[in-house]
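Visitor: Hi! I'm new to reading protein structures. Could you walk me through this one?

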Amino acid sequence: TGISAALPAAQLSLAREVATTIGIPMYEVQTEEGVNPDYIANDGMACFHCKSELYGTLEAVASFASDSTAPITEGAGAGMGGAGGVGGVSGVGGGNGHQR
């Protein structure tokens, strides 16, 4: 889970609760989308830039993980838009953008 000022505390708490309930590990990493001028401009593509930062960070973490078969998943887009999520989330990080 990418941790930054963009993630409301209630969503982080819910993510932790869900992970515990379904019995999966949840790893938290700091993301820095707030320093990206394109994200700050919020020209309708802020979600794209946020997800680009998140997936870039998660890919870097995954490259050092001992279990490289674990999927990178994303669930924050539920209810946030139509097909593919907001701001082209499905294209972030290559593939379908939701699982490596």
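Visitor: Let's start with a cysteine. Is Cys47 buried, partly exposed or exposed?
Guide: Keep in mind that this is a predicted model. To count as buried, a residue needs under 20% relative accessible area, and to count as exposed it needs over 50%. Cys47 has a relative accessible area of 25%, so Cys47 is partly exposed.

Visitor: Why is there no bond between the sulfurs of Cys47 and Cys50?
Guide: A disulfide is a covalent bond between the sulfur atoms of two cysteines. To count here, the two sulfur atoms have to be within 2.5 Å. The closest cysteine sulfur to that of Cys47 is in Cys50, and it's too far for a bond because the distance is 6.8 Å.

Visitor: How many disulfides does that rule give?
Guide: Look at it from the other side too: Cys50 is in no disulfide, with the sulfur of Cys47 as its nearest cysteine sulfur. Going by the 2.5 Å cut-off, the count of disulfides comes to 0.

Visitor: Now for Glu33. Which loop is it in, the one between which two elements?
Guide: Start with the whole pattern, which reads β-α-β-α-α along the sequence. The protein has 3 helices and 2 strands. Glu33 sits in the loop that runs between β2 (29-30) and α2 (37-41).

Visitor: Is Glu33 buried or exposed?
Guide: Let's check what it touches, skipping neighbours within four places in sequence: its contacts are Ser4, Ala6, Tyr39, Cys50 and Glu53. Then take its relative accessible area, which is 3%. The cut-off for buried is under 20%, so Glu33 is buried.

Visitor: How far apart are the C-alpha atoms of Glu33 and Cys47?
Guide: Along the chain, these two are 14 residues apart. In space, the separation between their C-alpha atoms is 9.9 Å.

Visitor: And Thr57, is that buried or exposed?
Guide: Thr57 belongs to helix α3 (residues 46-64). Leaving out residues up to four places away in sequence, Thr57 touches Val29, Gln30 and Thr31. Its relative accessibility is 17%, so with the cut-off at 20%, Thr57 counts as buried.

Visitor: What span does helix α1 reach from its first C-alpha to its last?
Guide: Helix α1 covers residues 9-22, which makes 14 residues. Just after α1 comes Gly23, with a positive phi of about 75°. At 1.5 Å a residue, the expected span is 20 Å, and α1 comes close to that, reaching 20 Å.

Visitor: Last one: what share of the residues in the protein is buried?
Guide: We've met two buried residues, Glu33 and Thr57. Across the 100 residues in the protein, the buried share is 22%.

How values were computed
Residues are numbered from 1 along each chain as its sequence is written. This is a predicted model: local features need pLDDT of at least 70, side-chain atom pairs count only at pLDDT 80 or more; totals for chains, interfaces and linings use all residues. Side-chain values use heavy atoms; hydrogens and water are left out. Helices (H or I, at least four residues) and strands (E, at least two) are DSSP runs, numbered from the N terminus. The expected span of a helix is 1.5 Å times one less than its number of residues. Buried means under 20% relative accessible area, exposed over 50%, partly exposed in between (1.4 Å probe, protein chains only). Contact means heavy atoms within 4.5 Å.
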